[in-house]
Amino acid sequence: MPLTICVAYLLSCSKQSEDLLQPNNMVCDTSNVSYMNNVLPIISANCYSCHGNGEMEGSVSLDGYANLKIVAGSGLLEGVITYSQGFPPMPENNPKLSDCDINIISAWINNNAPDN
């Protein structure tokens with residue numbers, strides 16, 4: 001085998017192995033999404049500084065299940081976290097949520113946002 005082919009083969013193998021170790025390749029489980037175990041931790045870590053714990057930036061409160069369900073049901077929550085056209089991107093002045101976090105919230109919303 002010519003040397004260039006051997007080197008290319010070895011590099012592709014090492015890169016492939018390296019990619020498997022990256023956290024981005026972790027499986028995002030959106031089955032059995034729970035408000036309490038999955039959604040609330042994402043919302044509290046990323047949104048509560050402006051929309052929780054008594055804060056109501058833009059007249060939006062995500063404190064508690066009832067408030068979050070209203071915002072989720074209106075389409076606002078999914079619109080802002082997916083950076084959909086016509087919605088302000090959230091969380092403001094912070095990086096976009098991970099695809100997995102967005103998929104978890106979307107799965108919860110698509111399952112009628114249960115209080116579980």
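Student: How many nonpolar, polar and charged residues does the lining of the largest pocket have?
Tutor: This is a predicted model: local features need pLDDT of at least 70, side-chain atom pairs count only at pLDDT 80 or more, and totals for chains, interfaces and linings use all residues. A pocket is an open set of points on a 1 Å grid over the protein atoms alone, where a 1.4 Å probe fits, with protein on both sides within 12 Å along at least five of seven lines; lining residues have an atom within 4 Å of a point. Ala, Val, Leu, Ile, Met, Phe, Trp, Tyr, Cys and Pro count as nonpolar, Asp, Glu, Lys and Arg as charged, and the others as polar. For this pocket, the split is 12 nonpolar, 5 polar and 2 charged.

Student: Which element gives the most to that lining?
Tutor: The lining has 19 residues, and C50, H51, V60, V80 and M90 lie nearest the pocket centre. Two helices (DSSP runs of H or I, at least four residues, numbered from the N terminus) give two or more residues: α3 (48-51) and α5 (76-81). With 4 residues, the top contributor is α5.

Student: C50 makes me curious about the cysteines: which two form a disulfide?
Tutor: Residues are numbered from 1 along each chain as its sequence is written, and side-chain values use heavy atoms, leaving out hydrogens and water. The whole structure holds 1 disulfide (cysteine sulfur atoms within 2.5 Å). With sulfur atoms 2.1 Å apart, the bonded pair is C28 and C100.

Student: How far apart in sequence are the parts that this pair ties together?
Tutor: C28 sits in the loop between α1 (3-21) and α2 (35-46), while C100 belongs to helix α6 (99-110). So the bond joins parts whose separation in sequence is 72 residues.

Student: Why is C47 not bonded to C50?
Tutor: C50 has the closest cysteine sulfur to that of C47, but the gap is too far for a bond. C47 is buried (under 20% relative accessible area; over 50% is exposed, in between partly exposed, with a 1.4 Å probe and protein chains only) at 12%. C50, at 29%, is partly exposed. The reason for the missing bond is therefore the sulfur distance, 8.8 Å.

Student: Which residues of helix α4 are exposed on the face turned away from its buried side?
Tutor: Helix α4 (64-74) buries Y65, L68, V71 and A72. Seen down the axis, these fall within an arc of 135° (directions from the helix axis to the C-beta atoms), so they line one face. The face turned away from them carries A66, I70, G73 and S74.
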